[in-house]
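Visitor: I am new to this structure, and I would like to understand the reasons behind the words that are used for it. Could you take me through them one at a time?

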Amino acid sequence: MSYIDILKEAEDQVTPGMSACQGCGGELILRTVLKIAGKNTIVGIPPGCMAGAGVVGWNYANGLKIPVHIPLLDNTASFLTGLSQMYERKGRGEVNMIGIAGDGATADCGFQSLSAAAERNEKMLYVCYDNEGYMNTGYQRSSTTTKGSRTSTTPIGAVINGKQQQQKYLPLIMSMHGLTYCATASPSHMADFVKKVEKGLAASKKGFAYLHVFSPCPTGWAYSPEKAIEVARNAVRSNMFPLWEMDEDGYHMNVRNKTPISVKEFIQGIGKFKNLTEEDINSIQQIADQRFHILMRLAEQGME
Amino acid sequence: MGKIKVLTGNYSAAEAAALCHPDLIAAYPITPQSSVVEYLAGLVHDGVIDANLVQVESEHSAMSVVQGAAAGGGRVFTATSAQGLALMYEPYFRMSTLRFPMVMALATREMTSPETVWSGQQDAMSVREAGWIQMFCDSNQEIVDMIIQSYMLAEHPEVLLPVNVCYDGFYSSHLTEGVDLPLQEEVDRFLPPPSFHHAVLDPDHPFALDPLTPGPILMKYRKSHLDAMEKALEVIDEVDKKFGDTFGRYYGGAVSQYRTEDADVVIVTIGGMTGTGMDAVDQAREEGIKAGLLKLRFTRPFPAEKIRDALKDKKAFAVIDRSVSFGWSQGPMHMEVKAALADADSRYCHFSAIGGLGGADISIEMMMETIRNLDAHKNEPGERETQWYMVD
Amino acid sequence: MEKRLHITPIGDEGMYILDTASWRVYRPVMDKEKCIDCGMCLAFCPVNAVAAVGKKFEITYDYCKGCGICANECKKGAIAMVLEGGSR
C-alpha cells in the first residue's frame with residue numbers, strides 16, 4: 001500500500017477545525033501520526049502549539065476523536081509510563097500510547113522525564129514536533145533553536161544578533177538511551193515519515209520509540225505559509241535536518257543528498273535568519289557538516 | 001488478630017501498602033523515606049506482591065507515573081519527604097484536582113535551608129492547600145492501619161481524593177515498634193478492589209481528560225472538590241468505625257482525646273509528639289494541673305467542629321506545631337485551631353507553641369512548661385505570645 | 001441529560017470545532033484537467049481539507065484555512081489560489 005493510499009484511507013482523528021496557524025507543520029504532523037495510529041490510541045499532548053490550538057478540548061468538549069490528556073509541560077513521558085504499564089497490566093497492551101510534544105516539552109523542561117522513560121524503555125511512541133522554539137507563547141528560544149535565529153527572547157539587537165548558542169541535537173542524544181526505535185522525519189518526505197510512524201508504533205509495543213519531526217513554523221520563522229513544505233524539504237536537502245533512523249540493526253541514513261544545497265540557500269526567505277552575517281552562515285554550515293559527518297559515520301558503521 | 005512484627009515506621013508503611021494490592025508503585029529515594037521504596041522493591045523482586053514497580057528519576061516523575069496509572073484505573077502508591085515533596089508539587093497538586101484517589105506515605109522532614117535532613121512537619125504543612133487529604137500518625141501501628149483505611153477513604157465514591165499518611169521522619173520512620181500486622185485475607189475482606197471509573201482514559205469511551213476550562217466552569221470543579229473534603233469528614237468516621245469493628249482498633253476519627261473530660265487546659269498535638277504529650281499530661285495531673293490532650297489526626301479536611309466540641313468549656317489551650325507559618329510568627333495549626341474557634345480571643349487563653357523543627361527534640365519538660373503557662377493564665381482570656389521550644 | 005457532577009474535568013460532550021474556513025483570504029481552486037491524481041495535495045494539507053473520491057482528489061472548503069501549501073506543492077501547477085469574494 002502506498003503512503004498516499006494509507007493517508008487517504010485512514011480516518012482523521014483530529015477536530016476538523018483547530019486554531020493552529022495557516023500552514024502549520026505541527027497540525028500536519030499531528031493529523032498524520034494519529035491517522036496512522038487509528039482509534040485504538042490514547043494520546044498525551046502537553047502544553048504547546050497543538051494543545052493551545054484546541055485539540056485537548058475546551059469546556060466539556062474533546063478536540064480529538066480519541067482519548068487525550070494534556071499532561072504537564074514536563075511530564076508527558078512519565079504520565080504515559082504509568083498509563084502504558086497499567087494498560088499492559090490490564091491485558092490491553094495493544095492500545096497505542098502516544099505522546100506528541102513540542103521541542104520545549106521534549107528537549108528542555110520535559111527532557112528529564114523523557115530521558116528516564118527512554119532509559120527504562122517504556123512502551124510508547126513519543127513524537128516531538130520540533131518547530132525550534134516556544135511558538136505557542138510567542139516564539140521564544142528553546143535549546144533546539146538554530147544558532148543565529150531571531151526569536152522573541154533572542155532578538156536582533158544593536159550588540160547581540162539572535163541566538164548565540166548552537167542547537168542541541170536531541171535525536172542523537174535520544175538514540176543513546178538504549179531505546180527500541182529512534183528516527184528523524186520531515187513532513188516534506190511524507191513516504192519516509194509515514195513508514196517511520198508505522199515502524200515507531202510497532203516498536204512501541206516492545207519498548208520506547210522516539211520520533212523527532214521537523215515542524216516548519218511560518219509564524220515563528222517568518223516566511224509565508226505556502227512555503228512550509230518547501231522549507232522542510234530544504235532543511236533535509238541542506239543536511240540541516242538529516243533523515244535517519246536507529247533500529248535493532250543500528251543507524252541508517254534514509255535520505256542521502258548527492259548534491260546538498262548550502263545553508264545559505266536553506267535560509268533564503270526565512271525571516272528569522274535575515275540578519276545573519278556571512279560569518280554566522282559559515283558557522284551554521286560548519287555545525288551542519290560536522291553533524292552530518294558524525295551521522296554518516298554511524299550509519300556506515302552499521303553497514304559493516 | 002494479625003501477625004505481630006517488629007517494624008520501623010517506614011517498613012510499616014510499606015507492609016501496609018503491600019497488603020492493599022497496589023497495581024503500580026513509583027518512588028524515588030529520599031531521606032528519611034528511602035526504606036519504604038527499598039522494602040517495596042524487595043517485595044516486588046521476591047514475587048511477594050504483584051505490583052508494577054517503576055524506578056523513576058525524580059519525585060516529579062514518581063507522582064506523574066502514578067498519575068498516569070491512576071488515569072488507567074489503577075491503585076497506586078508512592079512515598080516521599082521534604083525536598084522530594086517540593087519537587088513533586090506540580091503533579092501533586094494535579095493529582096488532587098484531577099480527583100484521582102491514591103495513598104502516599106510522607107515521612108515528614110524539615111525543609112531546607114538551613115541544610116537539614118531531620119524531622120519536622122514543614123513539608124506537609126507547606127502543601128496543605130494542595131487539595132489532598134492529610135493525616136498524621138503517632139505510632140507504627142497507626143501507620144499500618146491508616147494506610148489501609150486511607151485507600152477506602154480515598155476511593156469512596158463521594159470523596160475521590162488522594163490521601164497523605166504523614167508520620168515524623170526518623171522518630172517514626174526509623175524507630176521500631178511491635179505492630180499487629182493484619183493478615184492478607186482480613187485486609188481483602190475489609191478493602192474491596194479499586195472501582196473508580198470517573199476519569200479512566202479508554203479508547204472504547206473517548207474523552208478529553210482536562211480540557212481547557214474557563215473560570216466559571218473551573219469554579220464548579222473547585223466547589224465539588226471542597227464538598228468532597230466536607231464529605232470526607234463523615235467518611236473518616238465511617239471508615240474508622242468499620243476498621244475498628246473489623247480489627248478491634250478505633251482511632252476516634254479526625255481527632256482523638258486524652259484525659260480531656262475534666263481538663264481546664266489542653267495541649268493540641270500533631271503526629272509523633274503525641275506520646276510525649278500524653279506523658280506530660282500525666283505528669284501535670286500528678287502536679288495537680290487539670291491537663292488534657294487533643295490529637296489532631298486530620299489536618300485536611302480540617303475538623304473544626306470536632307475541635308470546637310473538644311475545647312468547649314476548656315479555659316486554655318496551646319497548639320504545638322512542628323512547623324512555622326512565616327509571617328504569622330506562630331505555628332500553622334495554632335492559626336487554624338483558633339480560626340475554628342471563631343470567638344477564641346474572647347473566651348480562651350491560648351497560644352501557639354512551636355518546636356521540634358529540623359529534628360530538634362520536643363521534651364516532656366517543654367510541654368510541661370506549656371501546660372503550666374496555660375494553667376497560670378487560664379482565667380485570662382486572649383491570645384498569648386508564641387512559645388518557642390528552643391534547645392540551647 | 002444527567003446533571004454533571006464536576007468531579008474530574010472531562011470533555012465528553014461532542015467535539016470542539018473552530019470555523020477555520022472564515023480565516024481564508026485565498027481559496028485553492030483545482031484545475032481537474034491538469035490534475036494527475038498524485039495525491040500530494042492530500043498528503044501535505046495540514047487541515048485534511050483534501051478528500052479522496054475514488055481515485056480522484058477534491059479540495060473541500062469547510063475548514064480550509066487557505067494556507068496555499070497545496071498550490072505551492074502541486075507539481076503540475078493544477079491548483080491556483082484565488083481571492084475570496086471575487087478578484088482584485
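Visitor: How do you know how far apart domain 1 of chain B and domain 2 of chain B are?

Guide: In this predicted model, the centres of domain 1 of chain B and domain 2 of chain B, taken over C-alpha atoms, are separated by 28 Å. Domain 1 covers 3–247 and domain 2 covers 255–388 of chain B.

Visitor: What makes up the contact between domain 1 of chain B and domain 2 of chain B?

Guide: Domain 1 of chain B gives 27 residues to the contact and domain 2 of chain B gives 30 residues, where contact means that heavy atoms lie within 4.5 Å.

Visitor: Why is chain A called as compact as a globular protein of its length?

Guide: Chain A holds 12 helices and eight strands. Its radius of gyration is 18 Å, and the globule rule gives 19 Å for 304 residues; the two values are close, so chain A is as compact as a globular protein of that length.

Visitor: What makes a residue of chain A count as buried, and what percentage of the 304 residues are buried?

Guide: A residue is called buried when its relative accessible area is under 20%, and in chain A buried residues make up 65% of the 304 residues.

Visitor: How do you know what part of the accessible surface of chain A belongs to carbon and sulfur atoms?

Guide: The accessible surface of chain A is computed as about 10,400 Å², and 53% of that surface belongs to carbon and sulfur atoms.

Notes. Residues are numbered from 1 along each chain as its sequence is written. Chains are lettered from A and ligands numbered from 1 in the order in which they are written. This is a predicted model: local features need pLDDT of at least 70, side-chain atom pairs count only at pLDDT 80 or more; totals for chains, interfaces and linings use all residues. Side-chain values use heavy atoms; hydrogens and water are left out. Helices (H or I, at least four residues) and strands (E, at least two) are DSSP runs, numbered from the N terminus. The radius of gyration is taken over C-alpha atoms; the globule rule is 2.2 Å times the number of residues to the power 0.38. Buried means under 20% relative accessible area, exposed over 50%, partly exposed in between (1.4 Å probe, protein chains only). Accessible areas come from the Shrake-Rupley method with a 1.4 Å probe; for residues, only the protein chains shown count as cover. Domain bounds come from an automatic or database domain assignment.
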